[in-house]
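Here are my notes on the model, written as numbered points. Please keep the structure open while reading them.

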Amino acid sequence: MPLKNDTPGRPSGLAYLVGRLDHVLSRRLRESLAPLGLTVTQYTALSVFRAQGSLSNAQLAERTMVSPQSANEMVKAMEAQGWIERRPDPSHGRIIQISLTIAGHAVMERCDAEVVKVEALMFAGLSDGERAALHGALRGAVRALSEG
């Protein structure tokens with residue numbers, strides 16, 4: 001059920017607000033990461049590698065929400081920067097596993113500091129409990145739509 005529109009003449013449904021947040025957040029992250037030489041998608045990819053360890057190109061594409069072709073181009077660019085390395089999968093010769101390098105971890109630390117600033121600005125009005133509740137609700141929403 002849509003929420004009551006607080007501002008006449010403006011959409012206020014949750015889907016609309018999440019879309020607007022995505023748009024504004026993407027812009028803020030682009031502005032914060034560009035001076036460090038990363039795109040938002042590259043930061044997302046490096047974050048996925050840090051959390052998951054080694055991944056194939058197909059797994060990376062799925063987790064970063066880009067096409068396999070775009071993921072391949074991104075991997076080439078990040079490998080050229082020295083942030084990731086590719087190795088043959090020991091159990092399946094045709095699969096290449098990709099993982100973070102020491103340089104990749106270092107660039108992530110610098111980027112994380114910028115992302116924390118953006119998140120602090122975005123959620124300045126929320127208590128720790130409200131942030132935790134929002135985090136849980138968003139994870140639940142992603143899970144529900146992913147399974148449905």
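1. Start with Q42, a residue of helix α2. Its relative accessibility is 11%, so Q42 counts as buried, the limit being under 20%. Setting aside residues up to four places away in sequence, Q42 touches G37, M74, A77, M78 and W83. Bear in mind throughout that this is a predicted model.

2. Now step back to the whole chain. The protein contains six helices and two strands. Their order along the sequence is α-α-α-α-β-β-α-α. Along the principal axes, the C-alpha atoms fill a box of roughly 55 × 35 × 30 Å.

3. Some totals help to place the single residues. Of the 148 residues in the protein, 26% are buried. The accessible surface is about 10100 Å², and carbon and sulfur atoms account for 57% of that surface. If we take contacts between residues at least 6 apart in sequence, 44% of them join residues at least 24 apart. As for charge, there are 17 positive and 15 negative charges, and their mean positions are 4 Å apart.

4. The interior deserves a paragraph of its own. In soluble globular proteins, nonpolar side chains tend to be buried together. Here the largest nonpolar core has 25 residues, and those with the most contacts inside it are L38, L46, F49, M78 and I84. Two or more residues each come from α1 (14-33), α2 (40-52), α3 (57-64), α4 (68-81), β2 (92-100) and α5 (102-122). Helix α2 gives the largest share, six residues.

5. Which residues does I84 touch, not counting residues up to four places away in sequence? The list is L46, F49, V75, M78, E79, I98, S99, L100 and T101. L46, F49 and M78 also appear with I84 among the core residues that have the most contacts.

6. T64 belongs to helix α3. Is T64 buried or exposed? Its relative accessibility is 5%, and the limit for buried is under 20%, so T64 counts as buried. A polar atom of the T64 side chain lies 2.7 Å from the backbone oxygen of L60. Leaving aside neighbours within four places in sequence, T64 is in contact with T44, A45, V48 and M74. M74 is also on the list for Q42 in point 1.

7. M65 sits in the loop between α3 and α4. At 72% relative accessibility, M65 counts as exposed, because the limit for that class is over 50%. The backbone of M65 should be checked as well: its phi is near 60°, a positive value in a residue other than glycine. Most residues other than glycine have a negative phi.

8. I96 is in strand β2. With 37% relative accessibility, I96 counts as partly exposed, because buried means under 20% and exposed means over 50%. Not counting residues up to four places away in sequence, I96 touches L55, S56, N57, R86, R87, P88 and D89. E79 is 17 residues from I96 along the chain, and the C-alpha atoms of the two are separated by 13 Å.

9. To review, go back to three of these residues in the picture. Find T64, which is buried, then M65, which is exposed, and then I96, which is partly exposed.

Note on methods
Residues numbered from 1 in each chain as written. Predicted model: local features only at pLDDT ≥ 70, side-chain atom pairs only at ≥ 80, totals over all residues. Heavy atoms only, no water. Helix = DSSP H or I, 4+ residues; strand = E, 2+ residues; numbered from the N terminus. Buried < 20%, exposed > 50% of the residue type's maximum accessible area, 1.4 Å probe, protein only. Contact = heavy atoms within 4.5 Å. Areas by Shrake-Rupley, 256 points an atom, 1.4 Å probe, with all protein chains shown as cover. Lys, Arg positive; Asp, Glu negative; His and termini not counted. Charge placed at Lys NZ, Arg CZ, Asp CG, Glu CD. Core = buried A, V, L, I, M, F, W, Y, C linked by side-chain atoms within 4.5 Å. Polar contact = N/O pair within 3.5 Å; in protein donor to acceptor, adjacent residues only side chain to side chain.
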